[in-house]
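Please open the model in your viewer, and keep the sequence panel beside it while you follow the stops below.

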Amino acid sequence: MQTPPDDLDARALGEAAPAKGLAREACPYAEGTQARTLWLSGYDAAVAAGAVPVTGGIQREPGR
């Protein structure tokens with residue numbers, strides 16, 4: 001099994017999450033990790049910039 005690349009940008013992934021249909025609570029990183037903090041800050045920044053937040057985990061039809 002390959003490990004993820006070292007340059008994986010968790011914040012950028014969080015910023016893209018609302019558009020991909022992911023809710024804030026669907027953060028894929030473990031509690032207490034720096035990656036989780038970055039992902040959540042990216043998600044919050046996207047919502048603050050006007051992205052529509054998703055609720056309930058994963059939206060059935062992302063983008064709609």
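**A tour beginning after the second helix**

Select A51 to begin: this is a predicted model, and in it A51 has a relative accessibility of 28%, so that it counts as partly exposed, since the partly exposed class runs between 20% and 50%. A51 belongs to the segment that follows α2. With neighbours within four places in sequence set aside, the residues in contact with A51 are P18 and A46. If you then add A16 to the selection, the C-alpha to C-alpha distance from A51 is 9.3 Å, although 35 residues of sequence separate A51 and A16.

Move next to A49, which is also found in the segment after α2. Is A49 buried or exposed? Its relative accessibility is 70%, and A49 therefore counts as exposed, the cut-off for that class being over 50%. Selecting E15 together with A49 shows a pair that lies 34 residues apart in sequence, with 9.8 Å between their C-alpha atoms.

Now colour the model by secondary structure, where you will find two helices and zero strands. Select residues 10-20 for α1 and residues 34-48 for α2, whose axes come within 6 Å and cross at roughly 40°. The two helices, α1 and α2, are therefore oblique to each other, and their crossing is right-handed.

To see which side chains and backbone atoms to display at this crossing, select the residues that make the contact:

- from α1, take A10, R11, L13, G14, E15, A17 and P18;
- from α2, take A35, L38, W39, S41, G42, Y43, A45, A46 and V47.

Coloured by class, this contact of α1 with α2 consists of eleven nonpolar, three polar and two charged residues. Two names from earlier stops return here, because P18 and A46, both in contact with A51, are listed on the α1 and α2 sides of the contact respectively, with contact meaning heavy atoms within 4.5 Å.

Finally, clear the selection and turn on a surface for the whole protein, which exposes about 4700 Å², with carbon and sulfur atoms supplying 54% of that area. How many residues does the protein have, and what percentage of them count as buried? There are 64 residues, of which 23% count as buried. If you draw a contact map as a last step, and keep the contacts between residues at least 6 apart in sequence, 64% of these join residues at least 24 apart.

Conventions. Residues are numbered from 1 along each chain as its sequence is written. This is a predicted model: local features need pLDDT of at least 70, side-chain atom pairs count only at pLDDT 80 or more; totals for chains, interfaces and linings use all residues. Side-chain values use heavy atoms; hydrogens and water are left out. Axes are lines fitted to C-alpha atoms, for helices over the stretch in contact, and angles run from 0 to 180 degrees between N-to-C directions. Helices (H or I, at least four residues) and strands (E, at least two) are DSSP runs, numbered from the N terminus. Angles under 35 degrees count as roughly parallel, over 145 as roughly antiparallel, 65 to 115 as roughly perpendicular and the rest as oblique. A crossing is left-handed if the near helix is turned anticlockwise from the far one by less than a right angle, and right-handed if clockwise. Ala, Val, Leu, Ile, Met, Phe, Trp, Tyr, Cys and Pro count as nonpolar, Asp, Glu, Lys and Arg as charged, and the others, Gly among them, as polar. Buried means under 20% relative accessible area, exposed over 50%, partly exposed in between (1.4 Å probe, protein chains only). Accessible areas come from the Shrake-Rupley method with a 1.4 Å probe; for residues, only the protein chains shown count as cover.
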